[in-house]
Structures are given as C-alpha cells and as structure tokens.
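Biologist: I am a first-year student, and I would like a slow, close look at one part of this model: the charged pairs on the protein and what surrounds them. Please start with the term I need, and then build the picture outwards.

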Amino acid sequence: MTNMNEVLAHNIYMQLKQLKKKQTDLAENLGISKQTVNKMLNGGRTITAHELKQIADYLEVPMEELVKISDSSKPKAPLKAFMGRVSSTQGKEGIRIAEKLIQIYLFHAKYQKEAFKKWRNEEWSDE
C-alpha cells in the first residue's frame, strides 16, 4: 500500500531541489515554521489540501504533479531514501547497520514462516 504522505513529501522535496529552493523558503511562503515543513517532508505530519494547494502555487506546478505516484516516489528501501538526508559519517554508518539488521530480521522472519508452514502441513500421527 502506498503511503500518500511519503509520496507528497518526496514529490515536494524533488520540486524544491529542482528549483533550487530551500525548505525555509517554503516555510516562509506558507507562514509556518521550518520545523513544521521539515516534519511534512519527512512524512511526520500530514499535509492538508489547503497546504498542498499553497505548495503547488509556490512551486508553480499543478497539484496533480505533487500527488502523482511515480516509480521514483515509491519507496524502495526506506532507510536508503532517508540516508540521502543524513550528512554525518556516523549517521550514515548507523543507517547502514540498521539496514543490515533489518535484512537479517526479514530473512529469519521468512525462514520462521516457511518452517511454520511446513510444520503445519505435516500429517499428524497418533503413534
């Protein structure tokens, strides 16, 4: 299932980047704090329809451009997408470690699921 907050945030972020505008500029235009815009672009705060219209006007794009789901706006690896916003070496290393741990967890979860299916499908015997 697609998370529309993430799609909106990604599309807005990409438009800002393309126009070489900053989140602070967007915040000033919307009349809200930089922290609120940051939460919006990190998917931590829902963007209202009114705000979306204001953002589209500021970026000089139709609203449809900000809500469209493209292959590039679909999250492939959420941690890798987040990594682009981390600037410190320690932060990036922390994200790499977290991603490895998640992969290990997913591997074991899949293995446990397969083992359970196999066990469940075995024939029972009274012997």
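Modeller: Happy to! A salt bridge here is a side-chain nitrogen of Lys or Arg that lies within 4 Å of a carboxyl oxygen of Asp or Glu. Please keep in mind that the model is predicted. The structure holds 4 salt bridges, and we can visit several of them.

Start with Lys68 and Glu65, whose side chains form a salt bridge with N and O 3.1 Å apart. How exposed are these two partners? Lys68 is partly exposed, because its relative accessibility of 41% falls between the limits of 20% and 50%. Glu65 is also partly exposed, at 28%.

Stay in this stretch of the sequence for a moment, and look at Val67, which is found in helix α5. Val67 has a relative accessibility of 32%, so it counts as partly exposed. Together with Met4 and Ile69, Val67 forms a nonpolar patch on the surface, and the three have about 220 Å² of accessible area together.

The next pair is in helix α4, where Lys53 and Asp57 are joined by a salt bridge whose closest N and O atoms are 2.9 Å apart. Both residues lie in α4, 4 residues apart, which is about one turn of the helix. Lys53 is partly exposed at 41%, and Asp57 is partly exposed at 46%.

A further pair sits in helix α7, which covers residues 89-121. There, Arg96 and Glu93 make a salt bridge with a closest N to O distance of 3.4 Å. They are 3 residues apart in the helix, so about one helical turn separates them. Arg96 is partly exposed, with 39% relative accessible area, and so is Glu93, with 38%.

Now step back to see what these helices belong to. The protein has 7 helices and 0 strands, so reading from the N terminus you meet α-α-α-α-α-α-α. Buried residues make up 23% of its 127 residues. The exposed surface comes to about 9800 Å², with carbon and sulfur atoms supplying 55% of it.

For a contrast with the partly exposed pairs, which residue shows us the buried side of things? Try Leu26, in helix α2. Leu26 is buried, because its relative accessible area of 1% is under the 20% limit. Setting aside neighbours within four places in sequence, Leu26 is in contact with Ile12, Leu16, Val37, Ile55 and Tyr58. Leu26 and Leu59 are 33 residues apart in sequence, yet their C-alpha atoms are 8.8 Å apart in space. The protein as a whole has many such long-range links: among contacts between residues at least 6 apart in sequence, 54% join residues at least 24 apart.

One of the contacts of Leu26, Val37, leads us to helix α3, residues 34-41, where Thr36, Val37, Met40 and Leu41 are buried. These four are on the same side of α3, because they cover an arc of only 135° around the axis. What covers them includes α1, α2 and α4. After α3 comes Gly43, whose phi is positive, near 75°.

That positive phi brings us to the loops. Most residues other than glycine have a negative phi. Which residues go against this in the loops? One of them is Lys20, with a phi near 55°, in the loop between α1 (4-19) and α2 (23-30). Lys20 is exposed, because its relative accessible area of 75% is over 50%. Another is Glu60, whose phi is also near 55°. Glu60 lies in the loop between α4 (49-59) and α5 (63-67), and Glu60 is exposed at 71%.

To put it together, trace α4 on your screen: Lys53 and Asp57 are paired within this helix, α4 helps cover the buried residues of α3, and Glu60 sits in the loop between α4 and α5.

Technical notes. Residues numbered from 1 in each chain as written. Predicted model: local features only at pLDDT ≥ 70, side-chain atom pairs only at ≥ 80, totals over all residues. Heavy atoms only, no water. Helix = DSSP H or I, 4+ residues; strand = E, 2+ residues; numbered from the N terminus. Buried < 20%, exposed > 50% of the residue type's maximum accessible area, 1.4 Å probe, protein only. Contact = heavy atoms within 4.5 Å. Areas by Shrake-Rupley, 256 points an atom, 1.4 Å probe, with all protein chains shown as cover. Arc of directions from axis to C-beta. Patch = residues over 30% accessible without salt bridge, like charges linked within 9 Å, V, L, I, M, F, W, Y side chains within 5 Å.
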